[in-house]
Protein chains: 2
Amino acid sequence: MRYCMGVDVGGTSVKLGLFETEGKLLDKWEIPTRKENHGEQILPDVAASILEKLEERKIRRKDVAGVGMGIPAPVDSEGVVQQTANVGWGYKEVTRELSELLDGMRVEAGNDANVAAMGEMWLGAGRGEKNVVMVTLGTGVGGGVIVNGHMIVGQHGAGGEIGHICVNREEEDACGCGLHGCLEQYASATGIAKLARKALSGEHEETVLHGEPSAKDVFDAVKAGDALATRIADEFGRYLGAALASLAVVVDPAVFVIGGGVSKAGPVLIPFVEKEFQKRAFFANKDTKIVLAELGNDAGICGAARLILN
Amino acid sequence: MRYCMGVDVGGTSVKLGLFETEGKLLDKWEIPTRKENHGEQILPDVAASILEKLEERKIRRKDVAGVGMGIPAPVDSEGVVQQTANVGWGYKEVTRELSELLDGMRVEAGNDANVAAMGEMWLGAGRGEKNVVMVTLGTGVGGGVIVNGHMIVGQHGAGGEIGHICVNREEEDACGCGLHGCLEQYASATGIAKLARKALSGEHEETVLHGEPSAKDVFDAVKAGDALATRIADEFGRYLGAALASLAVVVDPAVFVIGGGVSKAGPVLIPFVEKEFQKRAFFANKDTKIVLAELGNDAGICGAARLILN
């Protein structure tokens, strides 16, 4: 079969992509996420949009291997979600419902962070590898762990919840999840901003940072050679590098892919992470690469489509 | 096919087991590990012993699905080891060589700690589950991570090296691997003995412990209600429980299986681990079970045989 499709369900819009099974993205588009009435129109809208695209491109149904879908919630191995607050869903048998709307076409689904990792493995920074860990540094810290080409979903759909690895047993402030010392408290955009606030509140050297700097402000200042910003980035790197070292002895990936909003700072952030990783990595993991994500917002549709090829 | 065989290669003896593919252990036996000349006789000895057993039991070759093998070294996904100091091997294409000695019979191989985890999943404390993490508390700390019924081998065969998760960033003493603060430094038999030595060297309450107590002495004293021993067990539990909580957010198992020599202390050690795990576990992982291994020395042959059923 020549084609597969990827769907990335988000709180504002649903992104869709049409791919050749060899990995060429032929077309991508978006439709609005209609969240009203518990999001009951979302899957029918997706189905209609897919059928319309196939019609428009004169692609026969039998040439489509299936539709993969990324969802902003844990998805179990049967394709069921318990609740997806962002789009209004309660309990929903997502793959069964979409498949019925598409006359029995094969449908697969996964958590959006895991699916993004599949995307980077297939067409992005993890191309050619089968063991990939993606770390998404956004408002929070998410992640996806790919082992031998398959996502780790886990018993409760919590596989790859990398942001809640404990990296500081002494932390007194609580993470959003209620725990203390989670990676997310130091390596998310919010966490970096908090590291910056703390650094500015104590005695410190002269700095271009002031007020309440964002993660972007911090890395911009690092690029400009600012010493305080460099110290903040060091602290970020120490926590993230240590977490990657602990991850490495458990799942032993070929490559760590760093994505999410914070990663837009660019290559400047890699050495901060690499330094601590090299210090703390088990000898067998020392050559594991740490690289920036390449697909940006397309990671979701790419990874979703890739689900169909397993 | 009705039968499969499991082989557990150790430094002193090779254990072998004959199983029905439904999981019944029909026979188990041992042969010495002949390590001389870089262990060149080990695989021929194994092959001869297998063929003899099939002959003895009048089992036809075509009724045997294959032979699985656990090896005390990293084994890559092609069944190759780079070096196996314990048995004298250098680079060796283990599965290919044994398969040739058995006239092309299917052979699979894995690291012994990973294979033991497969065994506990198939016939032991993880029965009925597909997502299992086994932690082996012996002289060191080893482990095996099973996701969806498959071992995580990893890019360098280092998957499941749980003993080298960092649980104490402040540790000044080095682990055998050269890193600082590895789980192995606190949760292995050696690690627990060291915690005991440190506790005894400072000021402390009256205790039945004295001299250089072993891990077994510590847990025996805990059973007898000794307060100092209970504090040592608490410390052990804090490190192991925290490591399991971090593992849980990454691979999200249904159950943690605790094995190895230290686990012979019995059910007494579970609450010490459980307490810290509950304190540090991500909400989705709170119901993950922590149980003792059930198969003892048979875990290796069981898990090796199970490799053939994937």
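**Sheet, helices and chain arrangement in the predicted model**

In chain A, strands β2 (residues 13-20) and β3 (residues 25-32) run antiparallel and are joined by 7 bridges. The model is predicted. Two partner pairs can be named across these strands. L16(A) has W29(A) of β3(A) as its bridge partner. V14(A) stands opposite I31(A), also in β3(A). The hairpin formed by β2(A) and β3(A) has 4 residues between its strands. Within this hairpin, G23(A) adopts a positive phi near 115°.

The hairpin belongs to a wider assembly. In chain A, 5 strands make up an open sheet, ordered β3-β2-β1-β4-β7, with mixed pairing. Its edge strands are β3 and β7 (107-111) of chain A, each of which pairs on one side only. From one strand to the next, the twist averages 20°. Strands of a sheet pair through backbone hydrogen bonds, in either a parallel or an antiparallel sense.

Two helices of chain A pack on these strands. Helix α2 (residues 42-56) of chain A lies across β1 (3-9), β2, β3 and β4 (64-71) of chain A. The direction of this helix is at about 145° to β3(A). Helix α3 (residues 94-101) of chain A also packs on the sheet, where it touches β4 and β7 of chain A. The angle between helix α3 and β7(A) is about 145°.

In chain B, helix α2 (residues 42-56) was examined for length and burial. The helix has 15 residues, which at 1.5 Å a residue should span 21 Å. The expected span counts one less than the number of residues, so the rise is applied to the steps between them. The end C-alpha atoms of α2(B) are 21 Å apart, in agreement with that expectation. The buried residues of α2(B) include I42(B), L43(B), V46(B), A47(B), I50(B) and L54(B). D45(B), S49(B) and K53(B) are also among the buried residues of this helix.

The backbone changes character just after α2(B), where K58(B) takes a positive phi of about 55°. K58(B) lies in the loop between α2 and β4 (64-71) of chain B. This is a positive value in a residue other than glycine. Most residues other than glycine have a negative phi. K58(B) is exposed, because its relative accessible area is 67% and the cut-off for exposed is over 50%. The corresponding position in chain A can be described in turn. K58(A) is found in the loop between α2 and β4 of chain A. Phi of K58(A) is near 55°, again positive in a residue other than glycine. With 68% relative accessibility, K58(A) counts as exposed.

Strand β7 of chain B is set apart from solvent. Of the 5 residues of β7(B), 4 are buried, so the strand is largely enclosed by the rest of the structure. β7(B) runs parallel to β4(B), and 5 bridges join the two. In this pairing, G70(B) stands opposite G110(B) of β7(B). G110(B) is placed in strand β7 (residues 107-111) of chain B. At 2% relative accessibility, G110(B) counts as buried, since buried means under 20%. Neighbours within four places in sequence aside, G110(B) is in contact with M69(B), G70(B), I71(B) and V75(B). The contacts of G110(B) further include V115(B), M151(B) and L307(B). G39(B) is 71 residues from G110(B) along the chain, and their C-alpha atoms are separated by 18 Å.

At the level of the whole chain, chain A is divided into two parts. Domain 1 covers 3-119 + 298-307, and domain 2 covers 129-294. The contact between them takes 13 residues from domain 1 of chain A and 13 residues from domain 2 of chain A. The C-alpha centres of these domains lie 29 Å apart.

The two chains are related by rotation. Chain B is superposed on chain A by a rotation of 180° with 0.0 Å of shift along its axis, at an RMSD of 0.0 Å. This is the relation of a two-fold axis. Of the interface residues of chain B, 100% are also interface residues in chain A, so the copies meet through the same surface.

Terms used: Residues are numbered from 1 along each chain as its sequence is written. Chains are lettered from A and ligands numbered from 1 in the order in which they are written. This is a predicted model: local features need pLDDT of at least 70, side-chain atom pairs count only at pLDDT 80 or more; totals for chains, interfaces and linings use all residues. Side-chain values use heavy atoms; hydrogens and water are left out. Copies are superposed by least squares on the C-alpha atoms of residues with pLDDT of at least 70 in both. Contact means heavy atoms within 4.5 Å. Two strands pair if DSSP finds at least two bridges between them. Buried means under 20% relative accessible area, exposed over 50%, partly exposed in between (1.4 Å probe, protein chains only). Axes are lines fitted to C-alpha atoms, for helices over the stretch in contact, and angles run from 0 to 180 degrees between N-to-C directions. Domain bounds come from an automatic or database domain assignment.
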